[in-house]
Amino acid sequence: MPPLPPIARPEGSTSREQVARIDRAYFHTPNHFAVARRWLILLALLLGVGWCAWGAWDQPRHHSPGAVAHVHAPWEHDCETCHQPLSPIRDNTWLTTPLTRQASDAACEACHRVASHTSRQIAHEVGSCASCHADHLGRSADLTRVSDQTCTACHAQIARHRVSVQPPADGPASSDAPITRFDNEHHPAFASLMKDPGRLKFSHGRHMRLGLTFGPTASSARPADATLWTYGQMSAGDQARYRPEGGSPSDPVQLACSSCHAFAPSLADGDLRVISAFVAGAAPGAYPLPVTFENHCAACHALPTSGTGPNAPDASAAVPHGIDPAGLRQFLEGLALREALAADGAVLREPLLPRPLPASAAAEGKALQDLVEQRVAGSRTFVRGTCQKCHQLEEAPLAAAGSLLPASTAAAREAVWFRVAPTQVPGVWLGKARFNHQAHRSFSCQQCHAAADPASATGTAPAGLPEGGPLDHQMVMIAGRESCVVCHAPTQPAPHGEPIRGGARFDCVECHGYHGSGSHLFLGQAP
Amino acid sequence: MLVIIGGKTWPQDLRWILAGTASAVTAAGCYGWEWWTEGAIPGGSSRTGLVCGVAGGLIILFELLLWPRKRVRSWRLGSAQTWLRAHIWLGLLAVPLVLMHARLLFIGGWLNLALMTTFLLVIASGVWGLFLQQFLPTMLLEQVPAETIYEQIDHVARQRCRDLEKLVGALCVGDPHAPHDRTPEADDDGAEHAVVTGFRSLTGIQGKVLETVPVYSPIPGTLPIRRCFFTELRPYLLDGKAPGREGLASTAAAARRFAALRAESPPEAASLIDHLAQACDQRRQGDLQMRIHRWLHGWLLVHVPLSVSLAVLLAVHIPVALWYW
């Protein structure tokens with residue numbers, strides 16, 4: 001056993017000696033706790049400084065709160081492309097000023113030229129780009145998927161957040177209803193579906209019925225005395241288009257939704273249609289291609305000039321669809337002249353009355369003139385009736401100068417013709433929202449357009465209109481908000497085996513856009 | 001040391017708690033409102049987020065000032081207890097403020113993550129230290145009546161061992177087979193008394209005392225005591241609990257050992273054995289004190305260095321955040 005180390009002071013029994021037993025310099029003794037703490041502090045200091053130095057060398061990884069979206073990935077390492085030094089990029093800060101907002105927006109607008117929301121917006125309430133389109137949320141983040149609150153910040157009390165304007169006299173102003181979310185209670189009904197602005201007299205009920213007959217809506221039975229329209233009454237080309245495989249020419253025609261409403265991504269060769277920029281810019285198949293007379297009506301609806309000729313006259317004898325009043329007059333006069341001369345060329349020289357004096361040149365051809373006048377008058381009346389079946393007509397005064405007949409004739413003096421009023425059928429019904437038919441292709445057409453189906457239209461027609469009746473241009477055949485919220489709502493639990501309701505997205509931007517929305521529609525106004 | 005749970009300072013703590021809770025609830029209300037109106041979790045640059053961040057940063061700065069305040073005790077800037085109380089409650093208030101500033105932890109960037117992680121570790125270590133201080137001092141007071149200055153434990157143990165060596169050398173007969181057991185200090189003085197360190201507890205007052213023991217002549221039959229001292233007691237008194245000496249570290253085992261020693265020793269040596277048992281008990285208390293001391297102060301090895309890292313990271317975070325606002 002080694003001896004103990006000597007004690008600094010000899011101890012004894014006196015107080016002084018006993019006090020000497022205490023090591024009064026104990027605080028000079030190294031405390032391993034204090035030593036370890038000192039070294040750890042130094043280590044922590046070095047670690048902190050080292051970490052920051054590493055951050056200065058590898059800035060994006062250390063200073064960026066997250067990866068930018070893939071559309072901005074090329075500028076991931078170039079923060080100053082979007083961030084102005086010491087200038088807030090968002091609006092919800094204490095230090096945001098018009099100058100900082102302008103500076104940050106300018107960086108965005110260097111690449112993104114976008115339209116404002118609406119002319120009625122209040123300028124200082126409009127946020128900066130980054131206030132809505134927050135980045136640094138990961139590569140796959142959708143910068144256009146802004147939160148509902150960016151919309152409801154104003155639309156919850158929209159009357160306070162837009163410039164008031166005088167609504168048009170012929171229609172109510174757009175809704176001031178507060179919108180806080182999409183459901184039946186917090187979102188108004190779709191304004192553009194309130195009323196059908198179209199002036200085309202068309203019956204989905206009749207055209208969807210077997211044989212294209214009139215009849216009761218809820219029953220598939222047709223009247224016994226109904227005249228059925230058969231495939232054989234169509235031209236060969238149209239039969240090939242409409243007749244189902246294995247069908248007979250004597251079979252009654254059965255149209256389907258797709259007979260007229262095509263969702264092709266592009267037009268076929270030779271198919272000329274006027275398509276709105278909105279539809280053309282939408283996703284392929286999002287909206288149906290426009291229905292045109294030549295493509296969808298002419299197969300059955302030829303436009304003869306009289307009721308005595310063939311139902312499907314040749315092209316030269318059929319009234320061109322879409323012709324204006326002056327053109328129609330010239331067409332009918334020319335047709336009458338051609339037919340009269342073809343029937344008997346001698347009418348050119350046949351005087352109307354016996355001539356006591358040598359015949360004048362004016363007298364010659366009077367018979368032809370009368371014949372033509374008579375034919376034109378009859379054709380005009382017939383064509384007018386034909387047009388009225390589908391269109392609303394307006395009076396169209398015409399000067400005699402454009403007539404093929406002498407100005408002194410009654411036909412030339414007949415000043416009042418008619419023109420077809422614009423149909424005003426909306427090319428896109430939901431004018432303030434997007435809809436994609438392609439995304440809803442798993443649903444049957446009848447689920448949203450029940451009124452267009454005579455077998456399921458019971459109870460859908462407004463009061464006063466016949467069910468599946470001949471005219472449905474005064475009723476909207478598009479299901480509204482109530483059908484949307486069945487799926488576009490929070491997921492609702494369902495018992496096992498039953499389909500789950502809800503679950504589809506129902507945020508604002510699911511249907512609505514922001515930039516370039518223009519002024520809100522007034523009811524009754526075409527988009 | 002601030003005892004909160006059941007402490008006499010509870011009324012003062014309650015004021016801090018109420019003020020801190022009110023501040024946190026107010027901040028949370030503003031934060032929730034901004035969250036609701038903005039539709040997204042407000043970040044550090046948002047109005048509420050920035051206010052929370054500035055408040056949290058100032059609190060962190062104040063927390064760091066406790067260190068210089070402790071080193072410069074001459075500053076008349078409030079009592080140490082007030083500083084410690086503010087350190088604790090403001091530090092806890094900083095947690096919700098910093099969390100709100102940090103977008104409820106939905107943050108990115110390694111600098112921010114390192115800063116937030118460090119902050120949470122500092123808070124966690126501080127809370128752990130606060131928790132330990134709620135009962136360890138009481139345990140120390142109750143179970144270590146012979147408490148001494150931590151740095152002096154080994155010195156006192158050596159002193160006590162020397163005293164007992166002298167006592168054993170004077171009162172016990174020599175061991176002819178182990179002449180080196182007789183230390184020079186025990187032989188040379190020929191004193192008629194010895195001084196040993198004792199412990200007394202009287203009417204609630206407790207502490208160490210120096211006791212003078214008269215020494216006459218070696219007591220016959222005390223060779224087992226001498227052997228026990230040099231083979232078992234002395235190593236334990238010098239080094240404390242170690243592998244192979246667990247017996248004396250246990251109160252019950254030590255009692256059994258000394259009972260056996262009394263049985264084989266003459267009655268005149270009872271007082272000597274009492275001194276030896278008491279020395280073992282004090283060594284046991286010293287070991288316990290060292291263990292408690294490590295728990296009481298060990299958390300500071302995490303808390304203080306991480307606070308330094310936190311200060312560095314915070315000092316960089318502020319200009320970076322303002323630059324890329």
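**Entry 1. Strands of chain A**

I looked up the pairing of β1(A) and found that five bridges join this strand, residues 393-397, to β2(A), residues 416-420, in an antiparallel arrangement. The model I am reading is a predicted one. For A:L393 I noted A:V420 as the bridge partner in β2(A). I then checked how well β1(A) is covered: of its five residues, the count that is buried is zero.

**Entry 2. Chain A as a whole**

I listed the secondary structure of chain A, which comes to 16 helices and two strands. Of its 527 residues, 16% count as buried. I also took the contacts in chain A with a separation of 6 or more; residues 24 or more positions apart account for 61% of them.

**Entry 3. The contact between chains A and B**

I counted the residues taking part and obtained 50 from chain A and 47 from chain B. On the side of chain A that touches chain B, the elements giving two or more residues are α2, α3 (59-63) and α6 (148-155) of chain A. The largest share of that side comes from α2(A), with 14 residues. By residue class, I recorded 25 nonpolar, 18 polar and seven charged residues on the side of chain A that touches chain B.

**Entry 4. The largest nonpolar core**

I next asked which residues touch the most other members of the largest nonpolar core. Within this core of 29 residues, they are B:L93, B:A94, B:L97, B:L115, B:F119, B:L310 and B:L313. I traced the elements that each supply at least two residues: α2 (32-57) of chain A, and from chain B α1 (10-38), α2 (47-71), α3 (80-101), α4 (110-132) and α12 (300-323). The most is given by α3(B), with eight residues. I followed B:A94 further and found that it touches B:G56, B:I59 and B:I60, leaving aside residues up to four places away in sequence. I noted another core lying apart from the largest one, with 26 residues, including B:A157, B:A269, B:A279 and B:C280.

**Entry 5. Helix α3(B)**

I compared the span of α3(B) with expectation: its 22 residues reach 30 Å from first C-alpha to last, close to the 32 Å expected at 1.5 Å a residue. Among its buried residues I listed B:H87, B:W89, B:L93, B:A94, B:L97 and B:H101. The cover over the buried residues of α3(B) includes α1, α2 and α4 of chain B. After this helix comes B:R103, with a positive phi near 55 degrees.

**Entry 6. Helix α4(B)**

I repeated the comparison for α4(B), where 23 residues reach 32 Å from first C-alpha to last, close to the expected 33 Å. Its buried residues include B:L111, B:L115, B:F119, B:V122, B:G126 and B:L130. I found the buried residues of α4(B) packed against helices of both chains: α2 and α3 of chain A, and α3 and α12 of chain B.

**Entry 7. Positive phi outside glycine**

I checked A:L86, a residue other than glycine, and read a positive phi near 60 degrees. A:L86 sits in the loop between α3 and α4 (98-109) of chain A. Is A:L86 buried or exposed? A:L86 counts as exposed because it has 12 C-beta neighbours inside 10 Å.

I also checked B:L104, which is not a glycine and has a positive phi of about 55 degrees. B:L104 is placed in the loop between α3 and α4 of chain B. With 14 C-beta neighbours inside 10 Å, I recorded B:L104 as partly exposed.

Methods. Residues numbered from 1 in each chain as written. Chains lettered and ligands numbered in written order. Predicted model: local features only at pLDDT ≥ 70, side-chain atom pairs only at ≥ 80, totals over all residues. Core = buried A, V, L, I, M, F, W, Y, C linked by C-beta atoms within 7 Å. Buried ≥ 20, exposed ≤ 12 C-beta atoms within 10 Å, placed from the backbone. Helix = DSSP H or I, 4+ residues; strand = E, 2+ residues; numbered from the N terminus. Contact = placed C-beta atoms within 7 Å. Nonpolar A, V, L, I, M, F, W, Y, C, P; charged D, E, K, R; others polar. Expected span 1.5 Å × (residues − 1). Pairing = 2+ DSSP bridges.
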